[in-house]
Each structure stands twice: as C-alpha cells, then as structure tokens.
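Biologist: Could you take me through how the helices pack here, with the criteria spelled out?

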Amino acid sequence: MLHEPDHTVMQEFLPDEPATQAAGARLAQVLKPGMVMTLSGDLGAGKTTLTRAILRSMGVNGRIKSPTYSLVEPYVISNLYLYHFDFYRFEDPDEWEASGFRDCFREDSICLIEWPEKAAGSLPAPDIALTLSWVGEGRSLQLNALSKAGKLCLNQYAQLT
C-alpha cells in the first residue's frame, strides 16, 4: 500500500501573474469554511492578486476591491462568508480588538488576512500561513500548514499542482 505524502510546508515558483492567479484558483478548491489563511510578503509581491483569484474562483462576481482603506471587504456566496482583510494601515495591534473583527471568524466563514503581522498577537491562529516573495521577475509561494485543517488543505492542494 502506498503512503500518501503528508504536506505541512509547500513551496512553488510562480513565474508571472497568470501563474499567481492559477495558484489562487487551486487554493479556492481546497479552502473550507472555518479556515483562516494569512498572506505575508513585501509590498507588490502578489498577495492581493492571489486573494482576488481565490475569491473569483469561489464565485465572487463583480469588482473585488483591495481593503487597504476599509480594512475588510466581506463577500457572501450562498451560506459561506468570505472576509478579505488588509491590515497594512494598522498602526497598533490593539486596533484589531477595537474593530469588532473577531465576529468574522466563524465556522461558516473563510478569512484571508493580508499583513497579519500588523495585528500580531490579536488574530486567531491561522490554518495556513502563506508567504509570497520575489524571485527574479517571478514569485516564490510558500504555504505552511499550522493546523489539522491546514494540513488537509495542503495535501489536497498538492494533488492539484
């Protein structure tokens, strides 16, 4: 009997924007309600591009705005709530507590969080910590599973790549 690989960390090279969008579409297939995914990386590394691809692939129609100024953009698809957070403009992690965002983290939602380090110590533990970094003209995508649900997600993602 063959033993399937058990993925807790995955790395993938994304040579261009279409590859980043394709990675987002694959992630959309494996993310489940109740999951939290953080997206870290330098400015312009592709976090919002990847998040838009996830949301679009999950069925979000119309304009998908970056929540840099609003801090969160909510989307509802059937019984699933999708929350796209961007904490780039946070000055103090305590802003998270005062914002009431804790209510967004539920079993019927998926939370995608850009710039999680700006709310350090306040956020629930992520299931997946995603990091995008520049490699020449392309990007390196690293996915770290930090929970049982995250590990299951990465195992499914690995089968799609």
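The exchange below concerns helix packing and the nonpolar core.

Modeller: This is a predicted model, in which local features need pLDDT of at least 70 and side-chain atom pairs count only at pLDDT 80 or more, while totals for chains, interfaces and linings use all residues. Residues are numbered from 1 along each chain as its sequence is written, and side-chain values use heavy atoms, leaving out hydrogens and water.

Biologist: How are α1 and α4 oriented to each other?

Modeller: Helices are DSSP runs of H or I with at least four residues, numbered from the N terminus, and axes are lines fitted to C-alpha atoms over the stretch in contact, with angles from 0 to 180 degrees between N-to-C directions. The axes of α1 (residues 17-30) and α4 (residues 148-160) come within 9 Å and cross at roughly 130 degrees. Angles under 35 degrees count as roughly parallel, over 145 as roughly antiparallel, 65 to 115 as roughly perpendicular and the rest as oblique. The two helices are therefore oblique.

Biologist: Which residues in α4 meet α1?

Modeller: Contact means heavy atoms within 4.5 Å. From α1 come Ala23, Arg26, Leu27, Gln29 and Val30, and their partners in α4 are Cys153, Gln156, Tyr157 and Leu160.

Biologist: Which helix gives the largest share of the largest nonpolar core?

Modeller: A nonpolar core joins buried (under 20% relative accessible area, 1.4 Å probe, protein chains only) Ala, Val, Leu, Ile, Met, Phe, Trp, Tyr and Cys residues through side-chain atoms within 4.5 Å. The largest has 33 residues, and Leu27 and Met37 are among those touching the most other members. Its largest share, five residues, comes from α1.

Conventions
Buried < 20%, exposed > 50% of the residue type's maximum accessible area, 1.4 Å probe, protein only.
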